[in-house]
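Colleague: I should like to go through this model with you and hear the reasoning behind each label attached to it. Please set the values against the criteria as we proceed.

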Amino acid sequence: MEEAQKYVWEGAIPLQIHLHESEVTTLPTPPSALILAPRIGYLPLLVPQIKPHFSNALPPGSPDTVWFDYNGLPLKWYIPTGVLFDLLCAEPERPWNLTVHFRGYPSNILVPCEGEDSVKWSFINSLKEAAYIINGNCKNVMNMSQPDQVELWRSVLNGNLEAYVRISSKLRLGTVGDEYTDGGGQGQVKTGRVPVRLYVWSVSEDFDDLEDAPQIDSWDKISYINRPVEIHGEEGNYFTLQDAVKSILPEYFPNKSSTNEESSRDEDENEQTVPSEEGEKYLSENVESCYPTHNVEIKLVRIQGIEPKMEIPFSWVVKNLTNPEHYLHICVCLKVPQVL
């Protein structure tokens, strides 16, 4: 078990959660709730801790689906909490001040969420997608026994890395550099395709300090790209994080061979065939760039709260910083020239 993997699983974000003023029915206003939220977790999973804290101040009647916002921006519940924090807080804010709502679910912005069940199935669907990208099929995930599926989800829910490794190893979703023998003890299986979710935030104005970075106030400002990275053989020894990011963004960094661009397009088309029941409606927000493709600068790359050097081997990043559903989530801030 890698030391870095332990840090990822133990990672948490201190949250200070306020009840929206329109829902406060008592005086004095209830104090905010202080919660340590796991990075690999999801905001709806915190509701059992939060709801009792505010229950006496809520309006009468059955509550709507619970949702959260940051500075007025509704937070997408199916994105891991750590990824939301890395993306929306260029200068990390501790504690992270969020507002909780028990009414007025913004269904025009957020897909429906029925609590833990929705989060669980979103996770399982993402796992199926990742398996399809890595192995070309998702049979191992589809054929998981019910007890194994329950234990896998519980391991994520409880942050139990040992239990997770024990169960997930049966899926044989090897990352770059991992080797497995087949059922008969013959052969080795290495993946050359890495499931990546890239969140691209483009800015036109330059900034030197992260505290001067413009705030994200709309999801329209985020390009969501769900595209695998392919690594061939010995290339993995010197294929860097920068190579990976640029290979996912041919729209911004076109100085690749036409073969690589075609390969990237093929991968994107193949990825769309992943047979996930509900995942597509959550995770199909791919946005192609309409920005000019010259003079683009990578201002910030953040993975699991870390801002790694771009020269780091991509294989190390994948092996150590991947989320439990076997996706690598990368937040990227690009400076792009303004269209005149």
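Colleague: What is the strand order of the open sheet, and what is the sense of its pairing?

Modeller: In this predicted model, five strands form an open sheet in the order β2-β1-β5-β3-β4, and the pairing is mixed.

Colleague: Why are β2 and β4 called edge strands?

Modeller: Strands β2 (33-38) and β4 (73-74) each pair on one side only, and therefore they are the edge strands.

Colleague: How do you know that β1 and β2 count as paired?

Modeller: The criterion is at least two bridges between the strands. Strand β1 (residues 12-19) and β2 pair over six bridges, in the antiparallel sense, so the criterion is met. Within this arrangement, Ile13 stands opposite Ala37 in β2.

Colleague: Which helix lies across these five strands, and what is its angle to β5?

Modeller: Helix α3 (residues 81-88) lies across β1, β2, β3 (67-70), β4 and β5 (96-101). Helix α3 runs at about 120 degrees to β5.

Colleague: Why is α1 called oblique to α11?

Modeller: The axes of α1 (residues 3-10) and α11 (residues 314-321) come within 8 Å and cross at roughly 50 degrees. Angles under 35 degrees count as roughly parallel, and 65 to 115 as roughly perpendicular. The crossing angle of roughly 50 degrees falls in neither class, so α1 is oblique to α11.

Colleague: Which residues make that contact?

Modeller: Helix α1 contributes Ala4, Gln5 and Val8, while α11 contributes Trp316, Asn320 and Leu321. The residues of this contact divide into four nonpolar, two polar and no charged.

Colleague: How many cavities of 30 Å³ or more does the structure hold, and what lines the largest?

Modeller: There are six cavities of 30 Å³ or more. The largest holds about 80 Å³ of space and is lined by twelve residues, of which Tyr42, Tyr78, Ser126, Arg197 and Glu325 lie nearest its centre. Helix α4 (116-135) and strand β7 (196-203) each supply at least two lining residues, and α4 gives the largest share, three residues. The lining divides into seven nonpolar, three polar and two charged residues.

Colleague: What makes the lining of the second largest cavity nonpolar?

Modeller: That cavity, of about 70 Å³, is lined by Leu43, Pro44, Val66, Trp67, Phe68, Leu75, Trp77, Tyr105, Leu110 and Cys113. Leu, Pro, Val, Trp, Phe, Tyr and Cys count as nonpolar, so the lining divides into ten nonpolar, no polar and no charged residues.

Methods: Residues numbered from 1 in each chain as written. Predicted model: local features only at pLDDT ≥ 70, side-chain atom pairs only at ≥ 80, totals over all residues. Heavy atoms only, no water. 1 Å grid on protein atoms, 1.4 Å probe; cavity = no way out; pocket = protein on both sides within 12 Å on 5 of 7 lines; lining within 4 Å. Points joined across faces, edges and corners; volume = space filled by probe spheres on them. Helix = DSSP H or I, 4+ residues; strand = E, 2+ residues; numbered from the N terminus. Contact = heavy atoms within 4.5 Å. Axes fitted to C-alpha atoms, helices over the stretch in contact; angles between N-to-C directions. Parallel < 35°, antiparallel > 145°, perpendicular 65-115°, else oblique.
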